[in-house]
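Please look at the sequence and the structure together, and keep both in view while you read. The paragraphs that follow move from the strands to the aromatic rings, then to single residues, and end with a pocket.

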Amino acid sequence: MLWTTQQQVTLDRFIEEIKTVEWLKNVGAPSEKYWVVDTVWEACDTHGQQTMEVWGRNSAALEQKALKQMDEAHLDAVFEAVSLAIGNEVYEAVCDMEDRIGAETGEDQSGIEEEILDFIKRDTSWACVERLIGAPGFFTRVYDINRTGRWACSWVGKHPAGGFIIM
């Protein structure tokens with residue numbers, strides 16, 4: 001598996017960029033642009049089914065599009081590179097977020113750290129794929145929210161209408 005020079009440069013730049021994100025730092029802050037939820041449970045339980053449908057449709061469509069420009073091995077390499085680059089930092093940020101929210105709400109937020117970590121790594125990997133194929137879309141929007149220290153955790157409304165729910 002060989003990357004083109006441009007793909008390698010794009011991947012390397014993206015990996016360096018995501019290493020600078022202050023993951024989940026601003027979770028809980030008000031937003032004039034998005035619906036903000038206060039707890040992990042509200043984000044996942046209340047809107048979970050719709051969220052999985054929206055994310056699923058977008059990832060399936062992107063995978064089909066990406067496989068026209070790269071093979072499965074390249075996709076796997078992107079997911080591995082992103083995971084290695086941010087896994088520890090995001091996991092620590094998730095635990096810190098749960099502690100902050102738990103202290104503020106009095107509700108235990110723990111128990112789904114690995115699931116949140118996987119969501120963020122997956123969404124960031126897909127954003128990298130969009131960048132590699134020159135087709136920014138849904139996951140670039142997710143990443144743009146996440147890199148502000150928020151978490152684009154759910155969706156409200158019928159896609160593509162509607163919008164992100166964030167923490």
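**From a hairpin to a pocket**

Strand 2 and strand 3 form a hairpin that has six residues between the two strands, and G157, which sits in the turn, has a positive phi of about 95°. The model is a predicted one, in which local features need pLDDT of at least 70 and side-chain atom pairs count only at pLDDT 80 or more, while totals for chains, interfaces and linings use all residues. Residues are numbered from 1 along each chain as its sequence is written, and side-chain values use heavy atoms, with hydrogens and water left out. The helices (H or I, at least four residues) and strands (E, at least two) are DSSP runs, numbered from the N terminus.

The hairpin belongs to an open sheet of three strands, whose order is 1-3-2 and whose pairing is mixed. The edge strands are strand 1 and strand 2, each of which pairs on one side only. Two strands are said to pair if DSSP finds at least two bridges between them. Strands of a sheet pair through backbone hydrogen bonds, either parallel or antiparallel. Here, strand 1 and strand 3 pair in the parallel sense over two bridges, and strand 2 and strand 3 pair in the antiparallel sense over four bridges. To follow the parallel pairing residue by residue, find V36, which stands opposite I166 in strand 3, and W35, whose bridge partner in strand 3 is I165. On the antiparallel side, I165 in strand 3 is also the bridge partner of S154.

The loop between strand 2 and strand 3 holds P160, and the peptide bond that leads from H159 to P160 is cis, with omega near 15°. A second backbone feature is found at L24, which has a positive phi of about 65° although it is not a glycine. Most residues other than glycine have a negative phi, and most peptide bonds are trans. L24 lies in the loop between helix 1 and strand 1, and it counts as buried because its relative accessibility is 1%. Buried means under 20% relative accessible area, exposed means over 50%, and partly exposed lies in between (1.4 Å probe, protein chains only).

Next, consider the aromatic rings. Rings of Phe, Tyr and Trp (its six-membered ring) pair if their centres lie within 6.5 Å, and planes under 30 degrees apart count as stacked, over 60 as edge-to-face and the rest as tilted. By this rule the count comes to 10 aromatic pairs. The rings of Y34 and F164 have centres 6.4 Å apart and planes at 70°, so this pair is edge-to-face. The pair links distant parts of the chain, since Y34 is in the loop between helix 1 (5-18) and strand 1 (35-36) while F164 is in strand 3 (residues 163-166), 130 residues apart. Y34 counts as partly exposed at 25% relative accessibility, whereas F164, with a relative accessible area of 3%, is buried. The rings of F138 and W155 have centres 6.0 Å apart and planes at 50°, so they form a tilted pair. F138 lies in helix 5 (residues 138-146) and W155 in strand 2 (residues 152-156), so the pair ties together parts that are 17 residues apart in sequence. Both F138 and W155 are buried. Ring pairs link Y34, W55, F79, W126, F138, F139, W155 and F164 into a cluster.

What does N58 touch, not counting residues up to four places away in sequence? With contact meaning heavy atoms within 4.5 Å, N58 touches F138, F139 and H159. N58 has its place in helix 2 (residues 40-66), and it counts as buried because its relative accessibility is 16%. T124, found in helix 4, counts as buried at 1% relative accessibility, and with residues up to four places away in sequence not counted, T124 touches F14, I18, W23, V82, I86 and Y143.

Finally, turn to the largest pocket. On a 1 Å grid over the protein atoms alone, a pocket is an open set of points where a 1.4 Å probe fits, with protein on both sides within 12 Å along at least five of seven lines, and lining residues have an atom within 4 Å of a point. The largest pocket is lined by 13 residues, of which C44, T51, M52, F119 and C153 lie nearest its centre. Helix 2, helix 4 (113-132) and strand 2 each supply at least two residues of this lining, and the largest share, five residues, comes from helix 2.
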